[in-house]
Amino acid sequence: MANSDNHRTPPHIALLPSAGMGHLMPFLRLAAILSSHNCTITLITPTPIVSAAESTHLTTFFSSHPHIRRLHFPIPPFDSSSTPINTDDPFFIRWSQISQSLPLLSPLLSSLSPPLSVILSDFSASMSFSQLADHLSIPYYVVFCSSARFLSLFASLPSLNLGGIEDYVEIPDLPPLPKSSLPPPLFNPNHFFTSSAISNIQSIPKAKGMFLNTFEEFESEAITALNNARVLSMKLPHVIPIGPLEPFNVENGEKSKKGSDYLMWLDGQSDGSVLYVSFGSRTAMSKEQIREIGDGLERSGCAFFWVLKGSKVDSEDKVEIEELLGDGFMERTKSRGVAVKGWVEQEEILSHPAIGGFVSHCGWNSVMEAARHGVPVLAWPLHGDQKVNAEVVEKAGLGMWVREWGWGGERLVRGEEVGDKVREMMSDEKLRRRGREIGEEARKAWEGSGSSLRALMEAIDELKHTNSAAIS
């Protein structure tokens with residue numbers, strides 16, 4: 001006999017993130033949230049780990065959440081001779097390795113106790129995961145680590161003709177997308193990014209649902225279109241917007257001295273006076289472009305907090321900050337600016353009252369963190385989903401986007417241009433007001449009967465139904 005609604009067995013949920021901080025962070029936050037709602041959680045961690053930031057955050061996460069189980073998943077070494085992959089991106093290579101290694105995960109999942117109720121997979125492994133879940137007779141959900149607008153593009157890929165002469169692609173129920181906003185690899189059907197996206201999206205109808213780190217008030221048009229199931233010839237599973245995902249709690253002892261130092265510096269600045277500059281965990285700009293940005297920050301006259309990277313993978317980043325910035329920059333700007341290398345707790349920075357703007361690549365986690373704290377964004381998309389995300393930011397009124405700057409590395413954006421746009425954004429009162437409104441909408445999405453909290457609780461209730469039916 002099935003349990004009553006008040007006594008359903010808590011579901012046991014396994015989560016499998018993909019490589020890169022942009023994929024790991026939503027999974028850590030979602031795992032912590034689900035655990036706080038009385039779900040038993042197992043987090044699968046493919047090893048070895050690509051970046052030092054991922055390794056550090058996993059250690060911190062499990063230290064602060066000892067009740068969440070860690071399932072180590074060793075990934076065999078990559079053999080390019082037997083598995084050709086036309087990319088040298090270490091994160092793309094790891095995505096491919098994880099997908100190909102998933103059959104090895106079957107006995108590990110089968111041995112878990114209590115038995116698994118459901119599996120949450122990163123979109124980048126959804127095709128292989130759908131086969132694994134089918135083999136184990138376990139339902140699965142997909143976690144899509146980008147915007148609903150970008151999902152609408154991926155969902156339409158199998159039916160799009162990207163080789164036509166039109167400047168736009170048509171997506172049902174949504175405004176057309178400029179082809180110039182599409183990731184360049186999509187125009188090569190043989191590229192790993194394109195072929196994996198198409199194969200993964202074609203497996204999606206087998207999933208019970210898709211979790212997105214977004215919220216109704218920010219992307220209502222795209223979420224409605226996806227749930228109307230017209231963006232794809234096959235029926236999409238229900239899209240469940242549960243953003244902005246809150247950061248997970250960290251024990252006080254885990255806070256770094258570096259973090260304390262930069263927060264103390266921010267404490268000494270006026271409210272809304274500081275520009276935060278960061279281009280994410282996977283992007284390394286050329287030395288020439290970095291120095292032009294430095295010139296722009298000097299020209300702007302604004303106080304700034306700048307996070308730099310010298311290489312794509314942080315563990316390989318050996319370039320000293322003075323070499324990146326050039327002689328004298330740190331000395332000339334020490335009275336009004338801070339430049340650091342390495343990982344920072346971005347949510348702590350964006351939540352600080354001193355922050356008045358954010359120059360961002362528009363990685364989706366960064367967009368949601370800016371929205372959560374109502375911080376205006378100067379969008380500078382560099383690759384992947386980021387132009388589509390920049391369009392979302394602009395349309396929502398959270399920021400501005402200089403399309404002429406193109407993709408990262410397409411052209412050298414001069415310091416004068418950077419300085420002008422920084423001044424424009426930091427002095428735009430209408431943008432600041434709209435930012436505060438969006439921050440309030442994001443807060444309400446997780447309060448009372450807010451849209452994201454309601455969507456999550458309905459999903460958990462469905463999981464409890466599934467689990468109770470399985471054991472009755």
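Start by selecting residues 126–136 and 192–203: these are helix α5 and helix α7, whose axes come within 7 Å and cross at roughly 35°. Helices here are DSSP runs of H or I with at least four residues, strands are runs of E with at least two, and both are numbered from the N terminus. The axes are lines fitted to C-alpha atoms, for helices over the stretch in contact, with angles running from 0 to 180 degrees between N-to-C directions.

Before you click further, know that this is a predicted model, where local features need pLDDT of at least 70 and side-chain atom pairs count only at pLDDT 80 or more, while totals for chains, interfaces and linings use all residues. Residues are numbered from 1 along each chain as its sequence is written, and side-chain values use heavy atoms, with hydrogens and water left out.

**Stop 1: where α5 meets α7**

Show the side chains of Ser126, Met127 and Ser130 in α5, then those of Ser199, Asn200 and Ser203 in α7; these two groups meet. Contact means heavy atoms within 4.5 Å. Colour this patch by class and you get one nonpolar, five polar and no charged residues. For the classes, Ala, Val, Leu, Ile, Met, Phe, Trp, Tyr, Cys and Pro count as nonpolar, Asp, Glu, Lys and Arg as charged, and the others, Gly among them, as polar.

Now step back along the chain to Ser124, in the loop between β4 (118–122) and α5. Is Ser124 buried or exposed? Ser124 is buried, at a relative accessible area of 9%. The cut-offs are under 20% relative accessible area for buried, over 50% for exposed, and partly exposed in between, using a 1.4 Å probe and protein chains only. Leaving out residues up to four places away in sequence, Ser124 touches Ser18, Trp95, Ser99 and Asn200. You have already met Asn200, on the α7 side of the helix contact.

**Stop 2: α6 against α8**

Next, select 148–156 and 216–227. Helices α6 and α8 pack at an angle of about 35°, with their axes 8 Å apart. The crossing is left-handed, meaning that the near helix is turned anticlockwise from the far one by less than a right angle (clockwise would be right-handed). On the α6 side, pick Ala148, Arg149, Leu151 and Ser152; they meet Glu219, Ala222, Ile223 and Leu226 in α8. The residues of this contact divide into five nonpolar, one polar and two charged.

**Stop 3: helix α1**

Select 21–36. This helix has 16 residues and reaches 22 Å from its first C-alpha to its last, close to the 22 Å expected at 1.5 Å a residue. That expected span is 1.5 Å times one less than the number of residues. Turn on a surface: 14 of the 16 residues of α1 are buried, so the helix is largely enclosed by the rest of the structure. Just after α1, look for Asn38, which takes a positive phi of about 70°.

**Stop 4: a few salt bridges**

A salt bridge is a side-chain nitrogen of Lys or Arg within 4 Å of a carboxyl oxygen of Asp or Glu. How many salt bridges does this rule give? The count comes to 19.

Go to Arg414 and Glu292, whose side chains meet in one of them, at 3.0 Å from N to O. The pair links distant parts of the chain, 122 residues apart: Arg414 is in the loop between β15 (399–401) and α16 (415–426), and Glu292 is in helix α10 (residues 287–300). Arg414 counts as partly exposed at 45% relative accessibility, while Glu292 counts as buried at 15%.

Then try Asp420 and Arg423, bridged at 2.5 Å from N to O. They are three residues apart in α16, so about one helical turn separates them. Asp420 is partly exposed at 37%, and so is Arg423 at 34%.

**Last stop: Leu108**

Find Leu108 in helix α4 (residues 106–110). At 29% relative accessibility, Leu108 counts as partly exposed. Setting aside neighbours within four places in sequence, Leu108 is in contact with Leu71, His72 and Phe73. Draw a distance line between the C-alpha atoms of Leu108 and His72, and it spans 9.2 Å, for residues 36 apart along the chain.

Finally, zoom out to the whole chain, with its 18 helices and 15 strands. Of its 472 residues, 58% count as buried.
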